[in-house]
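Hello,

Here is the structure I promised to pass on, with my notes on it below. I hope they are a handy starting point when you open the file.

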Amino acid sequence: MATEPLSQSETEDRLRRLPGWSLKDGRIHRTYRLGTHFAATAMVVHVAQIQEELNHHSDLTLGYNTVSLAVHTHDAGHAVTERDFTLARRVEEIAGAHGAN
């Protein structure tokens with residue numbers, strides 16, 4: 001998978017296709033709200049499984065009923081790359097099943 005940094009316009013274009021995601025401190029970021037702490041914990045485990053599969057890991061934070069991700073690509077000089085958006089899209093695919101919004 002490509003590890004070349006994306007330009008600002010490429011990043012903004014991809015973010016338009018991922019509602020709820022934003023660029024913050026050089027990383028793409030999203031916080032999900034869930035109904036319970038248990039639901040949030042289950043989502044964290046599912047996200048961790050996806051990250052292992054992709055061999056690409058975010059900063060993943062569990063709150064009482066929230067899950068937050070922030071990601072950039074270390075191999076690209078801590079820049080945002082297509083790898084980050086692949087992870088974000090995969091997380092979006094499973095978020096609804098956990099009741100996340």
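How many residues does helix α3 have, and what distance does it reach from its first C-alpha to its last? Please keep in mind that this is a predicted model. Helix α3 runs over residues 82-95, which makes 14 residues, and it reaches 20 Å between its end C-alphas. That is close to the 20 Å expected at 1.5 Å a residue.

Is α3 largely enclosed by the rest of the structure, or not, and why? Of its 14 residues, 10 are buried, so the helix is largely enclosed. Among the buried ones are Glu82, Arg83 and Asp84, along with Phe85, Leu87, Val91 and Ile94. As for what surrounds them, the buried residues of α3 pack against two helices, α1 (8-16) and α2 (37-54), and against the strands β2 (27-33) and β4 (66-71).

Now to the sheet. It is open, with four strands in the order β1-β2-β4-β3, and the pairing is antiparallel. The edges are taken by β1 (22-24) and β3 (59-62); each has a single partner strand, so one side of each is left without a neighbour in the sheet. From one strand to the next, the twist averages 25°. The antiparallel strands β2 and β4 are joined by six bridges, and Arg33 has Thr66 in β4 as its bridge partner. Helix α3 packs on this sheet, where it touches β2 and β4, and its direction makes about 10° with that of β2.

Two residues outside α3 also caught my eye.

Leu6 sits in the segment before α1. Its relative accessibility is 18%, and the cut-off for buried is under 20%, so Leu6 counts as buried. Beyond its neighbours within four places in sequence, Leu6 is in contact with Thr11, Arg14, Val80 and Thr81, and also with Glu82 and Phe85; those last two are among the buried residues of α3. From Leu6 to Arg27 there are 21 residues in sequence and 12 Å in space, C-alpha to C-alpha.

His98 belongs to the segment after α3. Which side chain does His98 join through a polar contact of 2.9 Å? The partner is the side chain of His46. Once neighbours within four places in sequence are set aside, His98 is in contact with Leu34, Ala39, Ala42 and Met43 as well as His46.

Happy to go through any of this with you.

Best wishes

Methods. Residues numbered from 1 in each chain as written. Predicted model: local features only at pLDDT ≥ 70, side-chain atom pairs only at ≥ 80, totals over all residues. Heavy atoms only, no water. Expected span 1.5 Å × (residues − 1). Buried < 20%, exposed > 50% of the residue type's maximum accessible area, 1.4 Å probe, protein only. Contact = heavy atoms within 4.5 Å. Pairing = 2+ DSSP bridges. Axes fitted to C-alpha atoms, helices over the stretch in contact; angles between N-to-C directions. Polar contact = N/O pair within 3.5 Å; in protein donor to acceptor, adjacent residues only side chain to side chain.
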